[in-house]
Amino acid sequence: TEEDQELERKISGLKTSMTEGERKTAWKWSRQLEQIDTEYHTLGNSLHYMIMKNPEVEFCGYTMTHPSDSKINLRIQTGGTLPAVEPFQRGLNELMNVCKHVLDRFEASIKDYKDQKASRNESTF
Amino acid sequence: MAASQAVEEMRGRVVLGEFGVRNVHTTDFPGNYSGYDDAWDQDRFEKNFRVDVVHMDENSLEFDMVGIDAAIANAFRRILLAEVPTMAVEKVLVYNNTSIVQDEILAHRLGLIPIHADPRLFEYRNQGDEDGTEIDTLRFRLQVRCTRNPHAAKDSSDPNELYVNHKVYTRHMTWIPLGNQADLFPEGTIRPVHDDILIAQLRPGQEIDLLMHCVKGIGKDHAKFSPVATASYRLLPDITLLEPVEGEAAEELSRCFSPGVIEVQEVQGKKVARVANPRLDTFSREIFRHEKLKKVVRLARVRDHYICEFSWSGAVAHTCQGGWIT
């Protein structure tokens with residue numbers, strides 16, 4: 001049937017995208033399931049966003065093992081091009097850079113506001 | 001042209017329709033839209049990102065964050081609520097409590113009192129450490145005894161006249177410095193934030209005499225340690241008029257939104273409606289109850305513009321907010 005043919009075509013497409021010998025190992029290291037013992041959506045969702053922004057990543061998702069446990073399962077899958085640990089590390093670094101930048105801008109903006117307020121108070125004299 | 005406008009709307013706006021909300025999720029990931037480079041680029045982010053403080057005073061802060069995604073803005077909000085440390089009363093040693101407020105209720109109330117102390121200058125108490133040292137503990141004493149007022153009028157029924165010290169306020173709490181704390185913290189800097197919080201009420205003969213230990217903690221452990229009263233954000237509203245609205249309809253339109261959002265101006269003798277300040281709108285969706293007007297307006301929110309409003313109990317100074325990132 002047409003669907004069967006479509007499915008076969010897809011599977012064969014996958015097969016040819018990886019060399020025969022490397023298939024098993026490639027499969028393993030391009031997928032990673034990481035269990036992180038930390039807080040939940042605070043880290044999980046923001047890290048997931050940073051990893052998804054990486055064009056090499058095919059799939060990224062996180063779940064909580066149980067709402068009472070503070071553990072998340074983070075799964076990353078690259079298309080066989082990179083070991084999956086790499087986008088994970090890159091995502092963490094990028095998240096740190098984002099936070100640093102937000103902090104800098106925030107502090108600068110607070111300082112501006114305080115200066116503006118001070119000069120406004122002086123001008124009323 | 002129309003197609004790219006639709007794509008821009010999908011990427012950048014959360015649209016509030018009559019029966020549902022569209023485009024809620026972030027979709028600008030690499031590969032979703034052809035012709036767009038959505039891969040993460042720190043420089044592009046830094047160029048587009050902006051923080052504008054709108055209002056700041058002792059009790060609240062309102063600022064705008066533009067160019068950031070929901071996941072990260074929400075992470076900040078969660079951290080502010082649950083993981084920024086403050087000092088709060090943890091242990092209450094009751095020497096005498098003859099008031100009608102039970103020991104545990106009194107201790108619970110004391111725990112919720114915001115304490116004016118910079119938590120960055122203290123360490124967390126080690127687990128299992130009962131007494132605490134000067135580096136991780138603050139001590140307060142509360143000692144109040146209620147007596148009858150001998151100078152009250154004979155037939156008075158006002159408790160303020162009849163009794164002395166019948167209301168126990170936070171100003172009755174005195175700080176007992178431990179170790180070298182008296183040198184580190186000048187007089188008056190370590191105190192409850194507000195001195196007029198009513199802790200308990202007494203009648204003659206009743207006494208409260210207790211010692212409190214304050215430790216450093218985070219909101220995840222107990223809500224008393226949360227430095228913010230509320231930490232919320234909303235997206236910037238974006239109201240577009242799809243056609244010009246004139247005359248009576250303009251007046252009706254301006255009544256459908258919060259005051260100040262729609263302005264009716266006189267142009268060449270006709271009343272014309274104009275969107276003046278969409279930021280003020282609270283999106284009551286009143287517009288959808290008017291058959292003719294609902295087709296004329298598009299209600300949306302700008303997906304990456306967050307108006308954050310935080311108000312706190314005063315326990316932590318504004319500059320401490322810097323600690324939240326790490």
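**Exercise 1.** Find the strands that hold B:Arg298 and B:Asp238, whose side chains meet in a salt bridge (3.1 Å, N to O), and place the pair in its network.

*Solution.* Start with the term: a salt bridge is a side-chain nitrogen of Lys or Arg within 4 Å of a carboxyl oxygen of Asp or Glu. Next, locate the partners: B:Arg298 belongs to strand 18 of chain B and B:Asp238 to strand 15 of chain B, 60 residues apart, so the pair links distant parts of the chain. Strands here are DSSP runs (E, at least two residues), helices likewise (H or I, at least four), numbered from the N terminus. Then widen the view: through shared salt-bridge partners, B:Glu9, B:Arg13, B:Asp238 and B:Arg298 form one network.

A word on the model before we go on: it is predicted, with local features needing pLDDT of at least 70 and side-chain atom pairs pLDDT 80 or more, while totals for chains, interfaces and linings use all residues. Residues are numbered from 1 along each chain as its sequence is written, chains are lettered from A in the order in which they are written, and side-chain values use heavy atoms, without hydrogens and water.

**Exercise 2.** Decide whether B:Asp209 and B:Arg141 are buried or partly exposed.

*Solution.* First, the pair: their side chains form a salt bridge at 2.8 Å, N to O. B:Asp209 sits in strand 14 (residues 207–217) of chain B and B:Arg141 in strand 7 (residues 138–145) of chain B, 68 residues apart. Now apply the cut-offs: buried means under 20% relative accessible area, exposed over 50%, partly exposed in between (1.4 Å probe, protein chains only). B:Asp209, at 10%, is therefore buried, whereas B:Arg141, at 23%, is partly exposed.

**Exercise 3.** Describe how chain A meets chain B.

*Solution.* Begin with the contact (heavy atoms within 4.5 Å): 29 residues come from chain A and 36 residues from chain B. Together the chains bury about 3000 Å², 71% of it on carbon and sulfur atoms; this is the accessible area (1.4 Å probe) that two parts lose on being put together, summed over both. A:Tyr49, A:Lys53 and A:Phe106 supply 23% of the area that chain A buries against chain B, more than any other three residues. Finally, look for charge pairs: the interface has 1 salt bridge, and A:Lys53 forms a salt bridge with B:Asp28, the closest N and O atoms being 3.8 Å apart. On the side of chain A that touches chain B, helix 3 (41–52) and helix 4 (85–124) of chain A are the elements giving two or more residues, with helix 4 of chain A making the largest share, 17 residues.
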